[in-house]
Amino acid sequence: MTFLWESIAFGPIHSRRLGHSLGINLMPVDEKICSFNCLYCECGWTLEKNLNAREPYPLEIVMEAIERKLAECASVHTPVDSITFSGNGEPTLYPWFDQVIDRLLVLRDKYYPQAVITCLSNATQLYRPEIVRALQRIENPMLKLDAGTQEMLDIINAPIVPVDIEQVTDQLCTFNGNLIIQTLFFSGEHDGKPFDNTQDPSWSQWLARIRRIRPKRIVIYSLDRETPALALHKYGKEVLEGIVEKLRTEGFEAFSY
């Protein structure tokens with residue numbers, strides 16, 4: 001199972017979290033490029049050999065495609081609530097990501113000044129100062145934290161580059177709360193290892209990390225589409241709302257989708 005976006009700029013599509021979302025895909029249209037190999041990713045498995053194997057789109061090609069799409073949508077008064085970096089992998093792996101942000105801010109103000117800019121990121125590139133600076137310039141840096149323990153992260157996100165959950169947590173704290181944490185809660189078994197990130201020790205350590213990060217919003221969800229790994233189990237609305245209630249009692253703005 002694989003689902004890949006077929007263009008640099010696409011949509012707008014209706015997003016459960018973001019309303020009318022115009023997507024930006026900085027990765028190739030025919031394969032996924034990511035630093036994670038999540039069990040649940042709708043784009044399929046990450047091929048480690050692809051991480052640095054492909055020539056990225058030139059910056060000018062990317063910006064031309066984005067402006068063309070924005071101008072097209074604006075000309076027919078298509079609503080756009082969010083301009084969203086998502087697509088076929090991890091957007092912050094794009095080598096000129098910070099320059100894309102600089103130029104997109106200008107284009108947004110020209111065509112859709114009321115729209116927010118969102119980046120769905122797995123937070124693996126926050127050790128790079130230019131990535132942090134770029135994400136801090138947009139309204140919705142939406143950063144992934146699916147696990148509370150290193151063991152759980154290694155199972156469900158399966159990073160193909162070294163990722164230390166303590167370092168990621170420290171890096172998320174540098175946003176001083178101006179970020180959104182997104183977490184997918186689910187259970188299952190993979191390679192003979194059962195897991196459930198709603199249970200301890202991962203749950204209690206995830207919550208401790210959330211208390212340290214103090215995000216402005218927490219978005220939680222469960223499986224919604226086909227997944228590359230088998231034997232995964234979705235949590236229903238009742239379980240998700242139970243987590244949301246716990247977070248709200250701690251003073252967090254939290255939502256489930």
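The buried residues of helix α1 pack against β1 (9–15), β2 (19–24), β3 (82–85) and α2 (97–111); let us work out how. The model is predicted, so local features need pLDDT of at least 70, side-chain atom pairs count only at pLDDT 80 or more, and totals for chains, interfaces and linings use all residues. Residues are numbered from 1 along each chain as its sequence is written, and side-chain values use heavy atoms, leaving out hydrogens and water.

**Exercise 1. Check the span of α1 and find which residues are buried.**

Step 1. Helices are DSSP runs of H or I with at least four residues, strands are runs of E with at least two, and both are numbered from the N terminus. The expected span of a helix is 1.5 Å times one less than its number of residues. For the 17 residues of α1 (residues 59–75) this gives 24 Å, which agrees with the 24 Å between the end C-alpha atoms.

Step 2. Buried means under 20% relative accessible area, exposed over 50%, and partly exposed in between (1.4 Å probe, protein chains only). In α1, Leu59, Val62, Met63, Ala65, Ile66, Lys69, Leu70 and Cys73 are buried. Seen down the helix axis, these residues fall within an arc of 160°, so they line one face of α1; the arc is taken from the directions from the axis to the C-beta atoms.

Step 3. Now look at the other side of α1: Arg68 and Ser75 are exposed there. Just past the helix, His77 has a positive phi of about 60°.

**Exercise 2. Describe the surroundings of Ser187.**

Step 1. Find Ser187 in strand β7 (residues 186–190).

Step 2. With a relative accessible area of 12%, Ser187 is buried.

Step 3. Contact means heavy atoms within 4.5 Å. Leaving aside residues up to four places away in sequence, Ser187 touches Phe195, Asp196, Ala231, Leu232, His233 and Tyr235.

**Exercise 3. Describe the lining of the largest pocket.**

Step 1. On a 1 Å grid over the protein atoms alone, a pocket is an open set of points with protein on both sides within 12 Å along at least five of seven lines, and lining residues have an atom within 4 Å of a point.

Step 2. The lining has 39 residues, with Arg17, Glu42, Ser86, Leu120 and Arg225 nearest the pocket's centre.

Step 3. Two or more lining residues come from each of β1, β2, β4 (116–121) and β6 (180–184). The biggest share, 4 residues, is given by β1.

Definitions and conventions
On a 1 Å grid over the protein atoms alone, a cavity is a set of points where a 1.4 Å probe fits but cannot get out, and a pocket is an open set with protein on both sides within 12 Å along at least five of seven lines; lining residues have an atom within 4 Å of a point.
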